[in-house]
Amino acid sequence: MKNIVVIGSSGAIGKAFIESYIKDSDIESIFSFSRSGIPIEDKKLQNFFIDIEDEKSIHDAASKIDKSSIDEIIVASGILHNKDFGPEKSIRDLNADNLLKVLKINTIGPALVGKYFIPLLNKKEKSILAFLSARVGSISDNKTGGWYAYRSSKTALNQIIKNFSIELRRTNPNAIIIGLQPGTVDSNLSEPFKRNVKEGNLFTPEYSVSMLKNIIDKASPCDSGKLIAWDGEEINP
Ligand SMILES: NC(=O)c1ccc[n+]([C@@H]2O[C@H](COP(=O)([O-])OP(=O)(O)OC[C@H]3O[C@@H](n4cnc5c(N)ncnc54)[C@H](OP(=O)(O)O)[C@@H]3O)[C@@H](O)[C@H]2O)c1
């Protein structure tokens with residue numbers, strides 16, 4: 001029986017992971033972390049607060065885990081836009097505060113999640129830490145430019161994932177650290193851009209999560225450090 005952590009459980013993708021794990025008879029306990037909370041109750045589920053912009057909050061969150069080890073950790077938090085700013089269309093739009101905000105949520109927070117949650121990963125059997133990343137973080141795939149903060153925050157996240165994977169080869173060879181590209185998923189994050197998505201290419205969170213769970217289940221230590229898309233494609237850095 002597995003113990004699971006989902007960080008960013010109030011988001012569309014995070015919530016779909018929680019709902020899927022609740023139905024999964026292999027799962028013993030689910031530790032759900034978010035800022036705004038989720039209106040789901042279940043005997044397997046415990047909800048806690050986390051603000052991934054605050055290192056102490058991440059440290060305190062990890063201390064809530066009362067199991068000896070965790071089998072799967074999903075980091076589904078992230079930002080593309082908020083009420084004050086959207087993704088940059090041009091050099092003119094670059095703004096230090098906005099860049100910093102996006103890097104804090106998409107890169108620094110996940111790095112610190114690694115710092116406090118990696119020690120909890122199961123060492124005896126396969127365990128996995130999966131970060132929701134994005135294809136637009138791939139430098140070799142960048143054909144259209146724009147979205148400076150979001151793109152670079154995910155590029156840096158992909159580098160952190162690679163670094164974690166290298167270090168864990170020595171300290172926990174059963175642990176797999178991967179980035180996941182969920183496809184374009186109907187959510188608050190994609191809301192302003194979804195009218196540009198071709199028909200059939202906008203996934204429900206439930207469909208995306210069912211595909212991502214296949215990737216997680218099939219992943220082996222040789223996949224550690226990679227960015228893998230919902231359909232199994234390995235995305236080059
Ligand atoms: N949707 C897509 O098409 C798409 C495509 C590629 C990659 N992704 C990635 O998938 C992940 C999930 O996206 P989504 O579509 O599910 O977006 P979403 O519905 O907007 O969810 C974003 C989540 O991030 C959390 N969050 C933001 N700031 C936080 C903070 N300071 N501390 C803790 N949690 C924070 C939000 O929680 P609170 O509101 O509770 O703070 C929310 O749970 C993101 O990393 C995103 O980059 C999404």
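## Strands β2 and β3

Strand β2 and strand β3 (residues 45-49) run parallel and are joined by five bridges. Within this pairing, Phe31 stands opposite Gln46 in β3. These descriptions refer to a predicted model.

## Strand β1 and its neighbours

Strand β1 (residues 2-7) is joined to strand β2 (residues 27-34) by six bridges, and these two strands also run parallel. Between β1 and β2 the chain passes through helix α1 (residues 12-23), forming a β-α-β crossover that is right-handed. Several residues of β1 can be matched with positions in β2: Lys2 stands opposite Ile27, Asn3 stands opposite Ser29, and Val5 stands opposite Phe31. Phe31 of β2 therefore has a place in two pairings, standing opposite Val5 and opposite Gln46 in β3.

Strand β1 also pairs with β4, in the parallel sense and over four bridges. One position in this pairing is Val6, whose bridge partner in β4 is Ile74. Five of the six residues of β1 are buried, so the strand is largely enclosed by the rest of the structure. In a regular strand the side chains alternate between the two faces of the sheet.

## The sheet as a whole

The pairings described above belong to an open sheet of eight strands, arranged in the order β3-β2-β1-β4-β5-β6-β9-β10, with mixed pairing. Its edge strands are β3 and β10 (234-235), each of which pairs on one side only. Helix α1 packs on this sheet and touches β1, β2, β3, β4 (72-75) and β5. The direction of α1 makes about 160 degrees with that of β2.

## Helix α4

Helix α4 (residues 148-171) contains 24 residues. From its first C-alpha to its last it reaches 34 Å, close to the 34 Å expected at 1.5 Å a residue.

Which residues of α4 are buried? They are Ala149, Tyr150, Arg151, Ser153, Lys154, Leu157, Asn158, Ile161, Phe164 and Leu168. The buried residues of α4 pack against one helix, α3 (96-117), and against the strands β5 (127-132), β6 (175-181) and β9 (227-229). Strands β5, β6 and β9 all appear in the order of the open sheet.

## The loop at Thr204

Thr204 lies in the loop between β8 (202-203) and α5 (205-218). Is this residue buried, exposed or partly exposed? Thr204 is partly exposed, because 13 other C-beta atoms lie within 10 Å, whereas a buried residue has 20 or more and an exposed one 12 or fewer. Thr204 and Ser187 are 17 residues apart in sequence, and their C-alpha atoms are 8.4 Å apart in space.

## The chain overall

The secondary structure of the chain consists of five helices and 10 strands. The radius of gyration is 17 Å, close to the 18 Å that the globule rule gives for 237 residues, so the chain is as compact as a globular protein of that length. Along its principal axes, the C-alpha trace spans about 50 × 40 × 40 Å.

Of the 237 residues in the chain, 41% are buried. Among contacts between residues at least 6 apart in sequence, 68% join residues at least 24 apart.

Technical notes:
Residues are numbered from 1 along each chain as its sequence is written. This is a predicted model: local features need pLDDT of at least 70, side-chain atom pairs count only at pLDDT 80 or more; totals for chains, interfaces and linings use all residues. The expected span of a helix is 1.5 Å times one less than its number of residues. Two residues are in contact if their C-beta atoms, placed from the backbone, lie within 7 Å. Two strands pair if DSSP finds at least two bridges between them. A crossover is right-handed if, with the strands pointing away from the viewer, the path from the first strand over the helix to the second runs clockwise. Axes are lines fitted to C-alpha atoms, for helices over the stretch in contact, and angles run from 0 to 180 degrees between N-to-C directions. The radius of gyration is taken over C-alpha atoms; the globule rule is 2.2 Å times the number of residues to the power 0.38.
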